[in-house]
Amino acid sequence: MTTQGSGERATPRLIHDDHVHAGAFSGHAEAFALGELVTAAGKAGVRVSLREHAPLPPAFLANHPDVLVETPGLGYPVGLRIGEGDNLDVFLSAVAAAGLPLGFEIDALPPGWLPDSLAVASLLEQRAAQHGLQVECFNLSHHYPWDMSFGGLARALDRAGGARAFLTSYFATLRAYAATGRFGAVSHLEALRKFDRTAAGGPPFASHMDLYQDEVDETLAVLHRFGVAVEYNTNGSNYWGQPFLTPETVTAAIAAGVDIVVGSDAHRPAAVAQGFDAAAQALANAGLRHVVTFRNQRAIAVPLRQAVPSSACDH
């Protein structure tokens with residue numbers, strides 16, 4: 001390790017958790033006081049930033065009422081809403097009171113809904129400003145139509161016409177949104193593989209990994225072209241034993257010049273910075289020298305190796 005100064009050495013360490021959620025506002029977590037996230041972050045020695053699920057476009061909700069209710073085994077209800085049932089100001093007031101940095105995950109919806117999604121992003125900026133808040137980053141996500149559940153994924157594969165068609169649609173949709181230049185990062189790019197260990201019939205995409213890798217590579221190329229980071233999401237370890245960026249995709253992202261941002265995807269305070277020690281070491285071993293965080297929708301490089309007192313490294 002490189003010595004930084006008397007009594008200090010540099011060690012891989014992550015000091016930004018750029019993906020946490022606000023409890024019940026996410027639509028699928030227990031309620032808690034948002035100040036608990038700040039307390040948890042202090043204990044973990046990180047700065048947290050929300051990436052709450054953004055409201056879906058009202059017209060989309062009108063056409064897809066299924067997303068308004070929980071369907072056991074298939075999907076969760078939406079949390080934040082605009083228009084009918086609007087609760088955005090309640091959320092923003094709570095965020096401002098807690099002093100939490102604000103960001104959103106915006107779902108990459110099926111073709112035709114991109115303009116509506118961009119309109120939601122603009123509205124979120126306007127409403128946040130009314131509470132003295134800036135949106136630090138808009139992340140791209142992909143919860144519809146499968147919503148991260150195995151039943152939802154099986155249904156989405158069937159509706160798409162099979163795994164290959166789903167993969168093509170999944171990545172093409174993310175690329176179309178990324179190419180707008182409106183988004184700072186893509187959340188949990190590889191979360192569609194969360195059931196690789198547990199699916200009764202084996203990994204759902206095992207027979208299509210050639211296409212999968214081609215789609216990943218093409219997507220990374222688009223992310224690089226439009227300055228969009230990819231997220232290393234440590235919550236993946238709770239599902240398929242590794243973060244939602246495989247070592248292979250981390251290596252490909254670095255080679256493609258794509259920035260990496262790290263988030264725990266914590267839906268409760270106790271999960272803030274989960275797996276960050278292992279993540280820092282894994283990213284350093286892959287040759288990464290810095291990660292990024294965001295301020296006012298601009299990526300800021302943060303060295304992966306941080307100076308810490310020697311006593312904190314000696315065990």
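Strand β6 is mostly covered in this structure, with six of its six residues buried. The model is a predicted one, and this strand is a handy place to start looking around. The cover on β6 extends to both faces. On one side sit L102, F104 and I106, on the other G103, E105 and D107, and all of these are buried.

What lies alongside β6 comes next. Strand β5, which spans residues 52-53, runs parallel to β6 and is joined to it by two bridges. Within that pairing, E52 has F104 of β6 as its bridge partner. Strand β7, residues 135-141, also runs parallel to β6, and here six bridges link the two strands. One of the residues of β6, D107, stands opposite S141 in β7. Together with helix α4, the strands β6 and β7 form a β-α-β unit, and this unit is right-handed.

β6 also turns up in the wall of a cavity. How many cavities of 30 Å³ or more does a search of the whole structure find? The search comes up with one. The largest cavity has a volume of about 50 Å³. Two elements give two or more residues each to its lining, namely β6 (102-107) and α4 (114-129). The largest share, three residues, is the contribution of β6. The full lining consists of A54, P55, L56, P57, E105, I106, D107, L109, S117 and V120. Sorted by class, that makes seven nonpolar residues, one polar residue and two charged ones. E105, I106 and D107 thus appear in the lining of the largest cavity, and these residues are also among the buried ones of β6.

Further along the chain, helix α10 covers residues 276-285, and its buried residues are F276, A279, A280, L283 and A284. Seen down the axis of α10, these buried residues fall within an arc of 130 degrees, so they line one face of the helix. The spacing makes sense in view of a general rule: an α-helix has 3.6 residues a turn, so residues three or four places apart point the same way. What does the face of α10 turned away from the buried side carry? That face has the exposed residues D277, A278 and N285. After α10 comes G287, a residue with a positive phi, near 100 degrees.

Definitions and conventions: Residues are numbered from 1 along each chain as its sequence is written. This is a predicted model: local features need pLDDT of at least 70, side-chain atom pairs count only at pLDDT 80 or more; totals for chains, interfaces and linings use all residues. Side-chain values use heavy atoms; hydrogens and water are left out. Buried means under 20% relative accessible area, exposed over 50%, partly exposed in between (1.4 Å probe, protein chains only). Helices (H or I, at least four residues) and strands (E, at least two) are DSSP runs, numbered from the N terminus. The arc is that of the directions from the helix axis to the C-beta atoms. On a 1 Å grid over the protein atoms alone, a cavity is a set of points where a 1.4 Å probe fits but cannot get out, and a pocket is an open set with protein on both sides within 12 Å along at least five of seven lines; lining residues have an atom within 4 Å of a point. Grid points are joined across faces, edges and corners, and a volume is the space filled by probe spheres set on the points. Ala, Val, Leu, Ile, Met, Phe, Trp, Tyr, Cys and Pro count as nonpolar, Asp, Glu, Lys and Arg as charged, and the others, Gly among them, as polar. Two strands pair if DSSP finds at least two bridges between them. A crossover is right-handed if, with the strands pointing away from the viewer, the path from the first strand over the helix to the second runs clockwise.
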